[in-house]
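Here's a quick tour of one protein model, looking at burial, a pocket and some charged pairs. Have the viewer open and follow along.

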Amino acid sequence: MDQHAAMQLLDQIRRNMESCIYGKKEEIASMLTAMLAGGHVLIEDVPGTGKTQMVKALALSIGGVFHRIQCNPDLLPTDITGVSIYHPKLEEFVFRPGPVMANLLLADEINRATTKTQSALLEAMEERRVSVDGETHNLPHPFMLFATQNPIEFEGTYSLPEAQLDRFLMKIKLGYPDEASEKRLILEPSASRAAESLKAVASVEDIAQMQRLAEGIHLETTVADYLIALIRGTRQHSAVLLGASPRAAVALSSAAKAYAFLNHRSFVLPDDVKAMAPLVLSHRLHLRSEARMQGTTTVQVLQDVLRLLPVPVGMER
């Protein structure tokens, strides 16, 4: 598959999702960007905004193996990774794979699972494999985790550890639909179930090829300098206790390349870095307590840093 064919196929996936997810073009673009970059996504929003439907729409559009986990405090790590069970006839232990063995895994309300269960996903997110009873089992390729959480209701929830947050490529929020889209949901009774009838327009093999093409997008040295200056600027901001990590720099680079690819370009612009920065970095920054008490947000910090950075011009292409 060449770059032009891949871009055309991406447009088909985007249109397929937009046919059943109304008024969320930017959010769909963010999910496709994460898919191209091979990263995981944390979707944070209040109930009823279509988080699960959007993930289902993507899974159906690419025709991959899709599994869903409803997280709760009783969920065990083996409920995710799988378990070895003794088989009497074979007289040996046989591995029964868990729902993590999928191309696209949806962990609904991940912050309702205990920290021990959440940690079961760390190896899968970073290494694309799981270890059960001393044996390692590789996950299908490509593998993506989409996790949802409710930011309002805190009773019975467990905060995600910083190490796990840092392994999510981006965090997105859907928000409420615009008036026209919400009216369409009311007037078209089948609209809320439209995602269930989606047909695949691509395959997981196509996605794997797209990821390789996106990885090869050109990143000019001046744009790389701009990206690194942004990362280092987060560490020097007076409101920040813990700035973006080197892993965050790699993640932002991958996301910027994928975003450029999604927008039919073979090179990264500074605007790609600026567009991806809030999605990739906002959940990785930790503010000082006094800054939080004053109402400062990580997005505001990023805006401050970006405002002070000179934008490179005259790039070679």
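A residue counts as buried under 20% relative accessible area and as exposed over 50%. With a relative accessible area of 65%, Ile186 is therefore exposed. Keep in mind that this is a predicted model.

Ile186 sits in helix α7, which covers residues 179-187. Together with Leu185 and Leu187, Ile186 makes up a nonpolar patch on the surface, and the three share about 330 Å² of accessible area.

For the opposite case, look at Thr33 in helix α2 (residues 25-37). Its relative accessible area is 0%, so Thr33 is buried. Leaving aside residues up to four places away in sequence, Thr33 touches Met170, Ala255, Ala258, Tyr259, Leu262 and Met276.

Next, the empty space. The largest pocket has a volume of about 880 Å³. Its lining consists of 27 residues, and those nearest the centre are Glu44, Gln149, Leu165, Lys171 and His283. Several elements each supply at least two lining residues: helices α6 (162-165), α11 (270-281) and α13 (298-308), plus strands β9 (170-172) and β11 (286-287).

Now for the charges. Side chains of opposite charge can pair when their charged atoms come close. This structure holds 10 salt bridges, and here are some of them:

| Salt bridge | Closest N to O distance |
|---|---|
| Lys173 – Glu44 | 3.7 Å |
| Asp166 – Arg284 | 2.7 Å |
| Arg265 – Asp272 | 2.7 Å |

Take the bridge between Lys173 and Glu44 to begin with. Lys173 belongs to the loop between β9 and α7 while Glu44 is in strand β1 (residues 41-44), so this pair ties together parts that are 129 residues apart in sequence. Lys173 is exposed, at a relative accessible area of 52%, whereas Glu44 is buried, at 11%.

What about Asp166 and Arg284, which meet in a salt bridge? That pair also links distant parts of the chain, 118 residues apart: Asp166 is in the loop between α6 and β9, and Arg284 is in the loop between α11 and β11. Both Asp166 and Arg284 are buried.

Arg265 and Asp272 pair up as well, with their closest N and O atoms 2.7 Å apart, and both of these residues are buried. Finally, salt bridges with shared partners join Glu44, Lys171 and Lys173 into one network. Two members of that network, Glu44 and Lys171, are among the residues nearest the centre of the largest pocket.

Terms used:
Residues are numbered from 1 along each chain as its sequence is written. This is a predicted model: local features need pLDDT of at least 70, side-chain atom pairs count only at pLDDT 80 or more; totals for chains, interfaces and linings use all residues. Side-chain values use heavy atoms; hydrogens and water are left out. Patches are made of residues with over 30% relative accessible area and no salt bridge: like charges are joined within 9 Å, nonpolar side chains (Val, Leu, Ile, Met, Phe, Trp, Tyr) within 5 Å. Accessible areas come from the Shrake-Rupley method with a 1.4 Å probe; for residues, only the protein chains shown count as cover. A salt bridge is a side-chain nitrogen of Lys or Arg within 4 Å of a carboxyl oxygen of Asp or Glu. Helices (H or I, at least four residues) and strands (E, at least two) are DSSP runs, numbered from the N terminus. Buried means under 20% relative accessible area, exposed over 50%, partly exposed in between (1.4 Å probe, protein chains only). Contact means heavy atoms within 4.5 Å. On a 1 Å grid over the protein atoms alone, a cavity is a set of points where a 1.4 Å probe fits but cannot get out, and a pocket is an open set with protein on both sides within 12 Å along at least five of seven lines; lining residues have an atom within 4 Å of a point. Grid points are joined across faces, edges and corners, and a volume is the space filled by probe spheres set on the points.
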